[in-house]
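Let's take a walk through this protein and look at the charged side chains that pair up, along with a couple of cysteines. Have the structure open as you read.

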Amino acid sequence: MKKIWLPILAFFAFLLVLIGIYTLLTMLVPSEDPATSPSGEESQLLLLHSDPAQIARIDVQNEQGSYAFIPDPNKTSGFAIEGMEVFAMYEGFVESAMKTAYDLTAARDLGVPENTADYGLADPSQSLIISYTDGSAETLLVGSAVPGQESLCYVKLSTDPHVYTAALDERLRGTPLGYLDLTLVNVPAEAGEEVDDGRRLTSVRIEGTNWASPVTIKENPQFEKPAAPFSACEAVMEAPIRAGCADEGWTLLKTQLFDLTADRAVAAPVTQDDLRSYGLDAPAATVSFKANGVSYTLAAGKKADGGYFVRRLDTPAVASPIFEVTESAVSAWTDGDFYSKTASLARPFALEDIEGVSVTFDGKTTEFSYTPPRKNSDGEVIPGQEGKAYAKDKTLTLTNFEIFFGVIASVRSEGMPGTPVSGSPELTVKVRFRKALSAPDAVVRFYPAGERRYNVVYGDEDCYVTVRGDYVRKLKEDTEKCAADLEVLPMP
């Protein structure tokens, strides 16, 4: 008898263990929030679906205000924002928002709620009214965000008692400014051009309250022409002084002017109050430039947090919004300090173009002559035909002279002259070019300008910049060292 009951008792013991495990798991697993737990299907549900051509308009209401999408009157398809048809919209933004109206899929059906206030739908702050071409309409109410799933929100159709969760385009919570194309300038490439990927900057004019005086820069037609003024510079500054532009400055201008994209739009359409509010009634900086034969003009107003308020002026005013742009994207034409960063010595020289140099200071002139090396057809120096340098009749160490000449040719401007040129020069450098170049001598004069600065004048041109006093001091010292064939060090 005992043997019969043993299996039965073992079975009931096993059953009790299973019941205990089930009870324990039930107690440990928390119940779901009624606002997030599904009462119906968890598979995706199509809430709104129609042909875009059947939509007459969509009225959007949110905490920021209201606006409406209408069929774009300027295109055969697509939508525009009513009252803003003249502005360039980013089509991807508009399309994404419009899909809410004609292709909205729910993530979950939460069933019919006891209280819509639990989902922010009793008095929703956002709604979309979709009006169709047949005269019918549908209203989509948008409630609060789903806890823990910020990309989803609670929605409800006016014709459906159920509440759903769905993902809506975030721009539907903002203003029409969020749909504007943020591209201010994008200079297209020109077929056949090999410079800068087919984009060529030919002239720039900068002015505004940030600038002491207007700056004019043009592409240098004599770039890389032997012995020509500014031959080492791609661009030349013509005002307020005539000087060459350093490569990094010209490159920065091209980079910032060829492609400019804003961070956000702040005003459209633009009123006179907007112009005053954003400082565009008296711009801090205005840049007009020509690229690939097309003229552009940009204006920067007040500084924003880390940027400037910028507007294009070469497009019709009625269709030109105001944008906020990062300062680093417009620094080359807004900081008012273009001179010290990009105005190089107005007359840089190439060693292979010269046959001699003279340096005059303290009533004494030191003469140097130079014979360039002869090279074969492969550009290699022919043995025994290396270049030579002399100070009067004294043969100099060639590398030492090359470093000395590099000091003459490498000076950069420290900014605009603070005082006018007057009196006699403290130091004069004369560069003689090879006869084959048929170029006149280049004469450079250095005039004291106070505060350890010198104004530099080139020939008879109204062309001068300011250099540091330590450069002039080094040039004097290096002249004497090089003439004595003592070691000369490059500019630090």
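Which residues are linked with R57 in a network of salt bridges? They are D59 and E82. Keep in mind that this is a predicted model. Across the structure, the count comes to 18 salt bridges, so let's visit a few, using the rule that a side-chain nitrogen of Lys or Arg lies within 4 Å of a carboxyl oxygen of Asp or Glu.

Start with E207 and R205, whose side chains meet at 3.3 Å, N to O. E207 is partly exposed, at 31% relative accessible area, and R205 also counts as partly exposed, at 34%.

Next up is the salt bridge between K435 and E355, at 3.5 Å from N to O. This pair links distant parts of the chain, 80 residues apart: K435 sits in the loop between β25 and β26, while E355 belongs to strand β21. K435 is exposed, with 68% relative accessible area, whereas E355 is partly exposed at 26%.

Now find E426 and K476, where the closest N and O atoms of the salt bridge are 2.7 Å apart. Here too, distant parts of the chain are linked: E426 is in the loop between α7 and β25, and K476 is in helix α8, 50 residues away. E426 is partly exposed at 26%. K476 has 17% relative accessibility, so it counts as buried, the cut-off being under 20%.

And the cysteines? A search of the whole structure turns up 0 disulfides. C233 is buried, with a relative accessible area of 4%, and C482 is buried as well, at 0%.

How values were computed
Residues are numbered from 1 along each chain as its sequence is written. This is a predicted model: local features need pLDDT of at least 70, side-chain atom pairs count only at pLDDT 80 or more; totals for chains, interfaces and linings use all residues. Side-chain values use heavy atoms; hydrogens and water are left out. A disulfide is a pair of cysteine sulfur atoms within 2.5 Å. Buried means under 20% relative accessible area, exposed over 50%, partly exposed in between (1.4 Å probe, protein chains only). Helices (H or I, at least four residues) and strands (E, at least two) are DSSP runs, numbered from the N terminus.
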